[in-house]
Amino acid sequence: MGNVYPCLYILGNMVTFEKTILLVDDNISIYKSLSPLLLEKGFYCLYAGNFEEAARHYSSSSVDLTLLDIRLGDEDGMSILKKLLSYNTDIPIIMITAFGTIETAVQAIQFGAKNYIQKPINFKKLFTIIEKHLQTAEENSNVLNVNDSVFSLNSEMQEIIEKVKVLATSDIPILIQGESGTGKEVLADFIHKNSQHRGKKAVKINCSSFNESLLENELFGHEKGAYTGAGDLFKGVFERADKSTLFLDEIGDMPLSLQAKILRAIQNKEIRRLGGKEDLNIDVRFIAATNKDLPEMIKEKTFRKDLYYRLNTATVILPPLRDRIEDIEHLSAIFIKKKGSNKHLSKETTLLFKTFSWPGNIRELENVINYALVLARNDEIRINDLPPYLNTKETPYSLSIKKNNEEELILKALKTTNNHKSAAAQLLGISRKTLYNKMKHYEIRTN
């Protein structure tokens with residue numbers, strides 16, 4: 001784990017606390033030369049020598065901006081870029097490139113990096129780039145607040161939002177369940193922002209990002225000398241979340257051996273660092289999330305029943321995106337605005353989005369939008385701007401009508417088009433006359 005220097009980040013007359021720069025480079029000498037200069041400018045400084053270490057920082061630290069070398073020994077910087085963006089698209093990434101890799105740096109920007117800088121590094125230029133992208137990220141964060149992210153036109157989601165507003169005011173643990181990409185972390189943020197702990201930053205950890213020994217260390221911390229390499233005292237996420245919210249993401253992936261310790265921490269409100277001799281009291285609000293079937297895991301004895309009942313005092317189940325098509329336009333607009341763009345979806349793209357099954361849910365929609373924004377050459381995002389698997393002359397309905405419930409597809413097409421028969425027939429890839437015949441066959445009536 002890299003050194004951390006507590007400091008302030010000063011931009012003009014504005015002072016913001018706890019801005020953190022993560023340097024991902026296999027050459028630690030660059031970190032040693034760069035970190036004092038970053039410190040002088042008022043930044044927290046973290047170091048990662050590979051993707052695994054970078055992922056740990058993304059999961060357990062509040063990273064505000066990442067500097068990523070395109071070449072990292074055996075690892076490919078482009079591959080790490082894509083993985084880090086899949087973790088969090090809000091953290092600006094600036095690529096560090098040597099002479100002769102400018103082409104790769106431009107490609108990295110197309111994939112989602114914000115900028116690049118060449119070696120040898122011009123520090124004045126680097127600080128200008130850092131300030132620019134931190135300021136943009138902060139402005140976007142102010143525009144796209146967490147309430148915008150959970151806004152919904154879907155009646156089921158509206159009920160969920162009202163429910164969590166009430167739950168947020170209490171301190172009871174909350175378990176959020178849903179398919180991957182349905183917005184469980186966004187909902188956790190919403191709960192925190194509406195809780196009595198909103199004055200402090202929530203602490204988050206992805207339980208699937210670490211092996212068992214590393215996860216225990218990240219959760220509970222360690223005393224100096226607790227094991228070989230533990231040179232300094234390290235506070236785990238439980239301690240760092242004291243008087244705030246701790247979000248345990250992908251808790252279904254937590255090893256069984258650690259579940260008992262989590263249960264004890266929740267029940268007794270105390271933890272013990274690795275190598276420690278005393279229990280430490282904690283005041284933490286717990287939110288957990290998973291895409292796993294925990295009751296089934298209990299039957300298979302891979303998840304503790306007592307921990308499940310402790311966590312699911314209040315359970316929220318998020319619907320998949322395919323069941324809330326009313327929100328697709330709103331979510332698309334949020335993701336477009338998030339990238340600082342004024343583009344909009346074309347009519348054809350909107351219809352395609354509303355009829356696609358979205359197996360990756362909201363996360364997949366955001367990734368598709370980000371891809372399309374790179375290719376779009378005018379104010380509209382058109383079908384030709386979409387990833388190849390979406391860029392097809394056939395509609396999702398016409399591709400699936402042969403193998404799925406035809407009646408269900410017809411009802412969905414009618415709902416999508418507000419019972420406009422011609423538009424519904426176009427989505428289904430059939431004639432208007434054929435649609436009428438099928439509606440008659442299934443006794444489907446509309447107003």
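Helices, of at least four residues, and strands, of at least two, are DSSP runs numbered from the N terminus. On this basis the protein has 20 helices and 18 strands. The model is predicted. Of the 447 residues, 49% are buried. Contacts with a sequence separation of 6 or more were also examined, and 70% of them link residues 24 or more positions apart. The exposed surface of the protein comes to about 22,400 Å². Carbon and sulfur atoms supply 49% of that surface.

The structure contains zero disulfides. Two cysteines were examined for burial. Cysteine 45 has a relative accessible area of 1%, under the 20% cut-off, and is therefore buried. Cysteine 207 is also at 1% relative accessibility, so it counts as buried.

Two packed helices are described by the angle between their axes and the distance between the axes. Helix H14 spans residues 328-338, and helix H15 spans residues 347-355. Their packing angle is about 115°. The axes lie 10 Å apart. The crossing of H14 and H15 is right-handed. On the H14 side, the contact is made by Ile328, Glu329 and Ser332. H15 contributes Thr350, Phe353 and Lys354. By class, the contact of H14 with H15 has two nonpolar, two polar and two charged residues.

Burial within H14 was then considered. The buried residues of this helix are Ile328, Leu331, Ser332, Ile334, Phe335, Ile336 and Lys338. Ile328 and Ser332 thus belong to the buried set and also take part in the contact with H15. Just after H14, glycine 340 adopts a positive phi of about 75°.

Backbone geometry was examined at further sites. Most residues other than glycine have a negative phi, and most peptide bonds are trans. The bond between lysine 119 and proline 120 is cis, with omega about -5°. Proline 120 sits in the loop between strand S9 (115-118) and helix H5 (123-143).

Two glutamates have a positive phi. Glutamate 250, which is not a glycine, has a phi of about 55°. This glutamate lies in the loop that runs between strand S12 (244-249) and helix H11 (256-268). Its relative accessibility is 12%, so glutamate 250 counts as buried. Glutamate 443, also a residue other than glycine, has a positive phi near 55°. Glutamate 443 falls in the segment after helix H20 (432-441). At 62% relative accessibility, over the 50% cut-off, glutamate 443 is therefore exposed.

Two further residues were placed in their surroundings. Alanine 376 occupies the loop between helix H16 (361-375) and strand S18 (380-381). Because its relative accessibility is 5%, alanine 376 counts as buried. Beyond its neighbours within four places in sequence, alanine 376 is in contact with Lys343, Ile381 and Asp385. Leucine 386 is 10 residues away from alanine 376 in sequence. In space, the C-alpha atoms of alanine 376 and leucine 386 are 8.8 Å apart.

Glutamine 158 belongs to helix H7 (residues 155-168). With a relative accessible area of 38%, between the cut-offs of 20% and 50%, glutamine 158 is therefore partly exposed. Residues up to four places away in sequence were not counted among its contacts. On that basis, glutamine 158 touches Ser152 and Leu153.

Note on methods:
Residues numbered from 1 in each chain as written. Predicted model: local features only at pLDDT ≥ 70, side-chain atom pairs only at ≥ 80, totals over all residues. Heavy atoms only, no water. Axes fitted to C-alpha atoms, helices over the stretch in contact; angles between N-to-C directions. Left-handed = near helix turned anticlockwise from the far one by under 90°. Contact = heavy atoms within 4.5 Å. Nonpolar A, V, L, I, M, F, W, Y, C, P; charged D, E, K, R; others polar. Disulfide = S-S within 2.5 Å. Buried < 20%, exposed > 50% of the residue type's maximum accessible area, 1.4 Å probe, protein only. Areas by Shrake-Rupley, 256 points an atom, 1.4 Å probe, with all protein chains shown as cover.
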